[in-house]
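Got the viewer open? Let's take a walk through the chain, one selection at a time.

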Amino acid sequence: MGHALTGFMHVTDRLRFVFGPATRLDSDAPVVHRHDDFEQASDEDLSHFVVETDTEGHHYAVRREDMDKMV
């Protein structure tokens, strides 16, 4: 096992020279998420649904129009 691990570490050390060192990002920094047209269309479609949870903990989606009819 030790020989395999040592061999793997040598390979990754050589790859560092080809691809550069591993990127170390700040884990506390906020994630920047940019919405493209597809995501905006998806968000628009999903805005018509409400997620409900039953007594057993199962989640399901209900159309907002149907929720209004039940009330």
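Select His35 and show its surroundings: leaving aside residues up to four places away in sequence, His35 touches Gln40 and Asp43. Keep in mind that this is a predicted model. His35 sits in the loop between α1 (2–19) and α2 (37–46). Is His35 buried or exposed? Partly exposed, because its relative accessible area is 43%, between the 20% that bounds buried and the 50% that bounds exposed.

Leave His35 selected and add Gly2. Along the sequence the two are 33 residues apart, and in space their C-alpha atoms are 46 Å apart.

Now go to Arg16 and turn on side chains. Arg16 lies over the face of Phe17, at 4.6 Å from the ring centre. If you feel like hunting for aromatic pairs while the rings are showing, you can skip it: the structure has zero of them.

Next stop, the strands. Select residues 49–53 for β1 and 59–63 for β2; they pair in the antiparallel sense over five bridges. Click on Thr53 and look across to β2: what is its bridge partner there? It's His59. Then follow the hairpin between β1 and β2, where five residues separate the strands, and pick Gly57, which takes a positive phi near 90 degrees.

Last, colour everything by pLDDT. The protein chain has a mean of 84, with 97% of its residues at 70 or more. Among the elements, β1 has the highest mean, 92, while helix α3 (residues 64–70) has the lowest, 77.

Methods
Residues are numbered from 1 along each chain as its sequence is written. This is a predicted model: local features need pLDDT of at least 70, side-chain atom pairs count only at pLDDT 80 or more; totals for chains, interfaces and linings use all residues. Side-chain values use heavy atoms; hydrogens and water are left out. Rings of Phe, Tyr and Trp (its six-membered ring) pair if their centres lie within 6.5 Å; planes under 30 degrees apart count as stacked, over 60 as edge-to-face and the rest as tilted. A charge sits over a ring if NZ of Lys or CZ of Arg is within 6 Å of the ring centre and within 35 degrees of the ring normal. Two strands pair if DSSP finds at least two bridges between them. Helices (H or I, at least four residues) and strands (E, at least two) are DSSP runs, numbered from the N terminus. pLDDT is the predictor's confidence in each residue, from 0 to 100. Buried means under 20% relative accessible area, exposed over 50%, partly exposed in between (1.4 Å probe, protein chains only). Contact means heavy atoms within 4.5 Å.
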